Amino acid sequence: MRQVIIAGNWKMNTSKEEADTLVMGILSGMADVKSKVIVCVPSPYMSQVEALIVHSQLNLGAQNLNINASGAFTGEISADMIKDFGVQYVIVGHSERRSLYGETDEIVAQKVQVALDNNLTPLFCIGELLEDRESGNTQVIVSKQIQAVIDQVGIDAFKNIIVAYEPVWAIGTGVTATPQQAQDTHVFIRSMLAEHDADIAQTTPILYGGSMNLSNAAELLNCKDIDGGLIGGASLKAQDFLQICKAG
Ligand code: PGA
């Protein structure tokens, strides 16, 4: 039985004060949440969030990491730096990083490797563009993205990887994949992993992301192969996020 995982991706949102308010709001409603809950917060607020969530069920995540350990990489953040703040999870390969910052499948695979080498669990994001879906290429794109990571880290490493399927056309658009569309792609992802290792295919958590909100979460999370959600916009409102956490 795979545990439900709900991860909030705050992206470049909140202020110092809003970050505190949001975390305290989430903490106040966590008592009856059974899912594993992760908040991926902006780097400048990691320290304060770390202090607030100590001894709680909330887990801290980062939104990115650099493949290098240290050095002349202005503006970047290393695995060691995020670990200093109790971070255990890191989003890797988000579509915004792929499209806006030129992260290729190969760079994403290297980032997954660096995360694993540092005992961080990557939330490894994959997903197709609208034109890919419309031209019937969803599986081609998704398998290329996964294969790059299998080639880099090997199938066994998926024991420590969380996959997040996020159709790019559903991210931040208010257009959610239907439960059937999401479930079908999750089955495809699992079948691809199963070609390498049947047990790993069954145990790897595969989250859905893309306009998941309190009105569609239950239906999506009820699908057999959807093990949780990566939530952007709806993770910025404590009550909405909590409702999603409870829907799983
Ligand atoms: P969204 O973002 O929920 O706002 O669509 C999801 C994501 O980008 O991870």
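1. A word on terms to begin: helices (at least four residues) and strands (at least two) are DSSP runs, numbered from the N terminus. With that in hand, Ser211 can be placed in the loop between strand E7 (206-209) and helix H10 (217-221). Please keep in mind throughout that this is a predicted model.

2. Let's stay with Ser211 for a moment. Its phi is positive, about 55 degrees, although Ser211 is not a glycine. Most residues other than glycine have a negative phi. Is Ser211 buried or exposed? Ser211 counts as buried because its relative accessibility is 18%, and the cut-off for buried is under 20%.

3. Lys11 makes a good companion to Ser211. Lys11 sits in the loop between strand E1 (5-9) and helix H1 (16-28). Its phi is near 55 degrees, again a positive value in a residue other than glycine. Both residues come up once more at the ligand: Lys11 and Ser211 are among the residues that come nearest to the ligand.

4. Now to the ligand itself. Which residues come nearest to the ligand? Of the 13 residues around the ligand, they are Lys11, His94, Glu166, Gly172 and Ser211. By character, the shell divides into 4 nonpolar, 7 polar and 2 charged residues.

5. If you would like to look at individual atoms, three places are worth a visit. At Glu166, a polar side-chain atom lies 2.6 Å from an oxygen atom of the ligand. At Gly172 the partner is a backbone N or O atom, 2.7 Å from a ligand oxygen. Gly232 also takes part through its backbone, with a polar atom 2.8 Å from an oxygen atom of the ligand. How much of the ligand's accessible area does the protein cover? On its own the ligand has 280 Å² of accessible area, and the protein covers 95% of that.

6. The loop between strand E3 (58-62) and helix H3 (79-83) holds Asn66. Asn66 is buried, because its relative accessible area is 12%. The side chains of Asn66 and Glu76 are joined by a polar contact of 2.9 Å. Leaving aside neighbours within four places in sequence, Asn66 is in contact with Phe73, Glu76, Ile77 and Val114, so Glu76 appears in this list as well as in the polar contact.

7. Ser78 is also found in the loop between E3 and H3. With a relative accessible area of 5%, Ser78 is buried. A polar atom of the Ser78 side chain lies 3.1 Å from the backbone nitrogen of Met81. Beyond its neighbours within four places in sequence, Ser78 is in contact with Asn68 and Ala69.

8. For those of you who think about cysteines at the bench: how many disulfides does the structure hold? The count is 0. Cys40 is in no disulfide, and the nearest cysteine sulfur, that of Cys125, is 8.9 Å away. A disulfide needs the two sulfur atoms within 2.5 Å. Cys245 is in no disulfide either; for Cys245 the nearest cysteine sulfur belongs to Cys40, 12 Å away. Cys40 counts as buried at 0% relative accessibility, and Cys245 is buried with a relative accessible area of 1%.

9. Met30 lies in the loop between H1 and strand E2 (36-40). Met30 is buried, since its relative accessible area is 4%. Not counting residues up to four places away in sequence, Met30 touches Val37, Gln57, Leu58 and Leu242. Ser43 is 13 residues from Met30 along the chain, and the C-alpha atoms of the two are separated by 23 Å.

10. Two helix residues complete the tour. Gln139 lies in helix H7 (residues 138-153), and Asp184 in helix H8 (residues 179-194). Gln139 is partly exposed, with a relative accessible area of 45%, while Asp184 counts as partly exposed at 43% relative accessibility. The Asp184 side chain makes a polar contact of 2.8 Å with the side chain of Gln180.

11. Finally, some distances across the model, taken C-alpha to C-alpha. Gln139 and Ala51 are 88 residues apart in sequence and 42 Å apart in space. For Asp184 and Met24, the separation is 160 residues along the chain and 36 Å between the C-alpha atoms.

Technical notes: Residues are numbered from 1 along each chain as its sequence is written. This is a predicted model: local features need pLDDT of at least 70, side-chain atom pairs count only at pLDDT 80 or more; totals for chains, interfaces and linings use all residues. Side-chain values use heavy atoms; hydrogens and water are left out. Buried means under 20% relative accessible area, exposed over 50%, partly exposed in between (1.4 Å probe, protein chains only). A polar contact is a pair of N or O atoms within 3.5 Å; within protein, one must be able to donate a hydrogen and the other to accept it, and residues adjacent in sequence count only if both atoms are side-chain atoms. Contact means heavy atoms within 4.5 Å. A residue is near a molecule or strand if one of its heavy atoms lies within 4 Å of it. Accessible areas come from the Shrake-Rupley method with a 1.4 Å probe; for residues, only the protein chains shown count as cover. Ala, Val, Leu, Ile, Met, Phe, Trp, Tyr, Cys and Pro count as nonpolar, Asp, Glu, Lys and Arg as charged, and the others, Gly among them, as polar.
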